[in-house]
Amino acid sequence: MTAILEIKDLVTNFYTYEGVVKALNKISLDIEKGVTFGLVGESGCGKSVAVRSIMRIIQAPGVVESGQVIFHSNGDSTDLLKLSEESMRDLRGNQISMIFQEPNSALNPILSIGEQVSESFLFHQKKDMCAKVLANLNSSGCKTFVPWKHYLRFIYQMAAKNDRAFILKLLSRIPFFKWDRRAKKEALNRSIDIMEKLHVPDAENVARNSYPHNLSGGLKQRIVIAIALACNPELLISDEATSNLDVTIQAQILELFKELKKEIISSIILITHDLGIVAETCERVGVMYAGNLCEVADVEMIFNNPKHPYTKVLLDSVPKISQEGKLLSIEGNVPNLVTPPPGCRFHPRCRDAMDICSRELPATIEIEKGHLVACHLYLNK
Ligand code: SF4
């Protein structure tokens, strides 16, 4: 299977007053086209830092220090870490979209739902719009359009600088094209289509007349998903997008992801600490611990035949219906990433630790087709 995203040796640090937090320690990972990839691990293991590093939305004092994030799209391969900020802004929400955990902080309370879903579409269509107008003007040969041609060329250049509000203002001043109104109408219709696909009841009314405070938590999360899907992204990243929802809404949203993957999006990265969600939704799984990727495999391999000691204890600690007595937990604490343990970062809590584990970081090896493990237990065989 071909990869849509290749992450190679990604390192992200946070420069805090207490010291340098080594949040991502040379993560390497492939996300294949058409696959839902689950990224799991305890809180603070680096799942969100990994996807935020991919999207280049790590905020200070965080720094993506090194590595490569190669995005494959339409036959082109682009290292996202080398893209200009302007090109990256064009790509975000357009080819790669992200859904965040908290819909309340993702939605603007004073804009209608329709405006918010349309915004992403309008933002990414601005260059196309200007290019189309310019092409029309060039081919029309109409003399009265000549002064507007220069005006539009200027707008097109502004579009490249990404000042959306200013561009829409400029476009709205063109009397004979009425681009602002036409574009907004087109974007609103498209927003309603997407919301209907997401089973938002009475989508047209919600788009035109509702504001975030009018909607329930589940509906707000669907709107956030609609915003993420507005431009048919090739890769959707969901960062604990269903964690705050009750289980019935969560199940509906996860079912939606499955439908959307068939119809709209190509691949999904699903960040969660809920292994039940992974088993239900994902085809591939990556297990993270303290900024390292321990194991990557197909979902059946992870659940039926886990190899890494951390994956094993993580699965053992999931409560089972038949279980009696005390719940199992992983002994010890998550390490402080300012001073992470040397060698394998899991060694102070690992039941199988050997001498070498506290000295050397284990390399990742493929122990069977598609099953990658970073552990000395398998390296020395
Ligand atoms: Fe345990 Fe060593 Fe494997 Fe780390 S490398 S998980 S400490 S056995």
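Which residues are the closest of those that surround the ligand? In this predicted model, 13 residues surround the ligand, and the closest of them are Cys344, Cys350, Cys357, Cys375 and His376. By class, this shell divides into 9 nonpolar, 3 polar and 1 charged residue, with cysteine counted here among the nonpolar residues. The ligand itself sits in the largest cavity.

Apart from that cavity, the structure also has pockets to follow. The largest pocket holds about 580 Å³ of space, and of the 19 residues that line it, Gly93, Met98, Phe100, Ser120 and Ile227 lie nearest its centre. Two or more lining residues come from each of strand 6 (96–99), helix 4 (113–140) and helix 9 (217–229), and helix 4 gives the most, with 5 residues. Because domain 1 (1–109 + 231–327) and domain 2 (113–183) both give residues to this lining, the largest pocket lies between them. Its lining is made up of 11 nonpolar, 6 polar and 2 charged residues.

The second largest pocket encloses about 490 Å³ of space, and its lining consists of 27 residues, with Lys26, Ser28, Leu293, Thr364 and Ala374 nearest the centre. Here the elements that give two or more residues are strand 1 (3–16), strand 2 (19–32), strand 9 (284–289), strand 10 (292–298) and strand 12 (371–374), and the largest share, 7 residues, comes from strand 2. Sorted by class, the lining of the second largest pocket has 14 nonpolar, 5 polar and 8 charged residues.

Definitions and conventions:
Residues are numbered from 1 along each chain as its sequence is written. This is a predicted model: local features need pLDDT of at least 70, side-chain atom pairs count only at pLDDT 80 or more; totals for chains, interfaces and linings use all residues. Side-chain values use heavy atoms; hydrogens and water are left out. A residue is near a molecule or strand if one of its heavy atoms lies within 4 Å of it. On a 1 Å grid over the protein atoms alone, a cavity is a set of points where a 1.4 Å probe fits but cannot get out, and a pocket is an open set with protein on both sides within 12 Å along at least five of seven lines; lining residues have an atom within 4 Å of a point. A molecule sits in a cavity or pocket if more than half of its atoms lie within 2 Å of its grid points. Grid points are joined across faces, edges and corners, and a volume is the space filled by probe spheres set on the points. Helices (H or I, at least four residues) and strands (E, at least two) are DSSP runs, numbered from the N terminus. Domain bounds come from an automatic or database domain assignment.
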